[in-house]
Amino acid sequence: MDIETPKDALNREVGLKRPSRAEAEAAIRTLIRWAGDDPAREGLQDTPARVARAYEEFFRGYAEDPEDILTRTFEEIEGYDEMIVLRDIRLESHCEHHMVPIVGVAHVGYLPDKRVVGISKLARVVDAYAKRLQIQEKLTAQIANTINDVLQPRGVAVVIEAGHECMSTRGVHKTGVAMVTSRMLGAFRDNPSTRREFLAMISNRRSVTVET
Ligand SMILES: Nc1nc2c(ncn2[C@@H]2O[C@H](COP(=O)(O)OP(=O)(O)OP(=O)(O)O)[C@@H](O)[C@H]2O)c(=O)[nH]1
Ligand SMILES: [Zn+2]
């Protein structure tokens, strides 16, 4: 029999605790009543099922393994050893304090050491962590740490700029506020000119953004 890793144990525990779809829908009916409405009225009858489906989309990251996403690499990079930057990756997450949206962009850069990945995989790693309940600092660190651990590049940089709806639609009600977080590893942390080059590549981007 295989030995159970700590990750297996966590998955098993979370799996066992996961409520049924019917229980999730009943909880949503409770929240509708808590909000002051009648879950039985016509317009709200299908809402619990819709919300459950929406949750599957918002939180699909729990079912993904971000390390797996990065395992297919290309080694034939013909001597390319410069920085690779993916700028303005749309980011949609939910804050773990209020469960309302965090929306913004992530910029991911790395300095390859022999191996590169398909660029979509970097965006998939961003999503795998974003589609969970998060705080921005942890999200930023998880993305950078995973790229660092799996690709073992000479350096990784992740910058996230995002708006938190818990600050704009409730609470302090401040609109237009961006939270900016970064995690720099390897050469991006140790070498000021590498860090500057990355920051220059992600700044002033609106003038050069290519619409697709
Ligand atoms: N550091 C950090 N804070 C966050 C993030 N998302 C939300 N918050 C903050 O988490 C804090 C939770 O504070 P609490 O005082 O426990 O909750 P609250 O009474 O709802 O706070 P208010 O938002 O000030 O009304 C708030 O200050 C939020 O602005 C995040 O990604 N990172
Ligand atoms: Zn919040």
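**View 1. Strand 6, a well-enclosed strand of this predicted model.** Let us start inside the fold. Of the 10 residues of strand 6, eight are buried, so the rest of the structure largely encloses this strand. Strand 6 covers residues 155-164. On one side, strand 6 pairs with strand 3 in the antiparallel sense, over 10 bridges. Strand 6 also pairs with strand 7, again antiparallel, through eight bridges. Two residue pairs help you find your way: Val158 is the bridge partner of Val108, and Val159 stands opposite Ser182 in strand 7.

**View 2. The open sheet of five strands.** Step back a little and follow the strands in the order 5-2-3-6-7, where the pairing is mixed. At the edges are strand 5 (133-134) and strand 7 (179-186), each with pairing on one side only. Helix 9, made of residues 192-202, packs on this sheet and touches strands 2, 3, 6 and 7. The direction of helix 9 makes about 70° with that of strand 2.

**View 3. Strand 2 beside strand 3.** Here residues 84-95 (strand 2) and residues 101-111 (strand 3) run antiparallel, joined by nine bridges. A handy landmark is Leu86, which stands opposite Val108 in strand 3. That same Val108 has Val158 of strand 6 as a bridge partner.

**View 4. The residues around ligand 1.** Look for Cys95, His97, Ile135, Gln136, Glu137, His164, Cys166, Met167, Gly171 and Val172 around the ligand. Helix 6 (136-151) and helix 7 (165-168) are the elements that each give two or more residues to this shell. Sorted by class, the shell has five nonpolar, four polar and one charged residues.

**View 5. Three positions listed as "binding site".** An unreviewed UniProt entry lists Cys95, His98 and Cys166 under this name. They are spread over 72 residues of sequence, yet they cluster in space, with a largest C-alpha distance of 7.8 Å.

**View 6. A closer look at Cys95 and Cys166.** Cys95 lies in strand 2, while Cys166 belongs to helix 7. Cys95 has 18 other C-beta atoms within 10 Å, so it counts as partly exposed. Cys166 is partly exposed too, with 17 C-beta neighbours inside 10 Å. Setting aside residues up to four places away in sequence, Cys95 touches Val100, Ile102, Gln134, Ile135, His164 and Cys166. With the neighbours within four places likewise left out, Cys166 is in contact with Cys95, His97, His98, Val100 and Gly171.

How values were computed:
Residues are numbered from 1 along each chain as its sequence is written. Chains are lettered from A and ligands numbered from 1 in the order in which they are written. This is a predicted model: local features need pLDDT of at least 70, side-chain atom pairs count only at pLDDT 80 or more; totals for chains, interfaces and linings use all residues. A residue is near a molecule or strand if its C-beta atom, placed from the backbone, lies within 6 Å of it. Helices (H or I, at least four residues) and strands (E, at least two) are DSSP runs, numbered from the N terminus. Ala, Val, Leu, Ile, Met, Phe, Trp, Tyr, Cys and Pro count as nonpolar, Asp, Glu, Lys and Arg as charged, and the others, Gly among them, as polar. Two strands pair if DSSP finds at least two bridges between them. Two residues are in contact if their C-beta atoms, placed from the backbone, lie within 7 Å. Axes are lines fitted to C-alpha atoms, for helices over the stretch in contact, and angles run from 0 to 180 degrees between N-to-C directions. A residue is buried if 20 or more other C-beta atoms lie within 10 Å of its own, exposed if 12 or fewer, and partly exposed in between; C-beta atoms are placed from the backbone. UniProt positions are given in the numbering used here, feature names are shortened, and annotations may be inferred rather than shown by experiment.
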